[in-house]
Amino acid sequence: IANEHTLANPIVCVNNGQSVMWDVSHASRRHYPVYYKDNLLNTNPAFDYTAFRSLADNMRAPNLTINAFIFPFTQEGIYAFHDNANIFAITIIRVVNVNERCPDTNFRAITEGSLVSGGVDRNKD
């Protein structure tokens, strides 16, 4: 959920081995990241998104309180996620090769220009 301290629909550059944290503390318990498996921007067909499926199960458990979800990205590629309650709220994560570093600006709004400059292109497979 976007507010004055968040960026709606960001593209995020992550150095290989870094983690991304999502705030999942919304009172409705319906706002959490879901791996957008069939999105054409995804480049890693072997991505293990079990942790995201487990998060969904845990968010539905009434006896658990979860405020944040952290996931380490250890494989180069482009990964698309959407908010569970809003499929149009998208986050694109680009994990760079271990020999590369992200630019100084790790978070950008998704635009055609930011996708191109961020090295994101539609998967051709």
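Let's start with Asp38 and Lys37, whose side chains meet in a salt bridge, with N to O at 3.7 Å. Please keep in mind that everything I show today comes from a predicted model. Side chains of opposite charge can pair when their charged atoms come close. Is Asp38 buried or exposed? Asp38 has a relative accessibility of 62%, so it counts as exposed, since the cut-off for that is over 50%.

How many salt bridges are there by this rule? The count is three, so let me show you the other two.

One of them links the side chains of Asp57 and Arg60, at 2.8 Å from N to O. Arg60 is exposed, at 56% relative accessibility, while Asp57, at 48%, is partly exposed.

The other brings together the side chains of Arg94 and Glu100, with 3.6 Å from N to O. Here Arg94 is buried, because its relative accessible area is 19% and buried means under 20%. Glu100, with 33%, is partly exposed.

Arg94 also takes us to the strands. Look at strand S6, residues 86-95: it runs parallel to strand S1, residues 10-14, and four bridges join them. Arg94 in S6 is the bridge partner of Cys13. What about S5 and S6? Those two pair in the antiparallel sense, over seven bridges. One example is His82, whose bridge partner in S6 is Ile90. If you follow the chain from S5 to S6, you pass through a hairpin of two residues.

Now let's turn to the helix, H1. Which residues of H1 are buried? They are Phe52, Leu55, Ala56 and Met59. Seen down the axis of H1, these buried residues fall within an arc of 100°, so they line one face of the helix. And what do they pack against? The buried residues of H1 pack against four strands that you can find in the picture: S2 (19-23), S3, S4 (68-72) and S5 (77-83).

Last stop: Asn39. You'll find Asn39 in the loop between strand S3, which covers 33-35, and helix H1, which covers 50-59. Asn39 sits in a loop, and with a relative accessible area of 15% it is buried. Where does its side chain reach? The side chain of Asn39 comes to 2.8 Å from the backbone nitrogen of Leu41.

So, to take home: Asp38 is exposed at 62%, whereas Asn39 is buried at 15%. Thanks for listening, everyone!

Terms used:
Residues numbered from 1 in each chain as written. Predicted model: local features only at pLDDT ≥ 70, side-chain atom pairs only at ≥ 80, totals over all residues. Heavy atoms only, no water. Buried < 20%, exposed > 50% of the residue type's maximum accessible area, 1.4 Å probe, protein only. Polar contact = N/O pair within 3.5 Å; in protein donor to acceptor, adjacent residues only side chain to side chain. Arc of directions from axis to C-beta. Contact = heavy atoms within 4.5 Å. Salt bridge = Lys/Arg side-chain N within 4 Å of Asp/Glu carboxyl O. Pairing = 2+ DSSP bridges.
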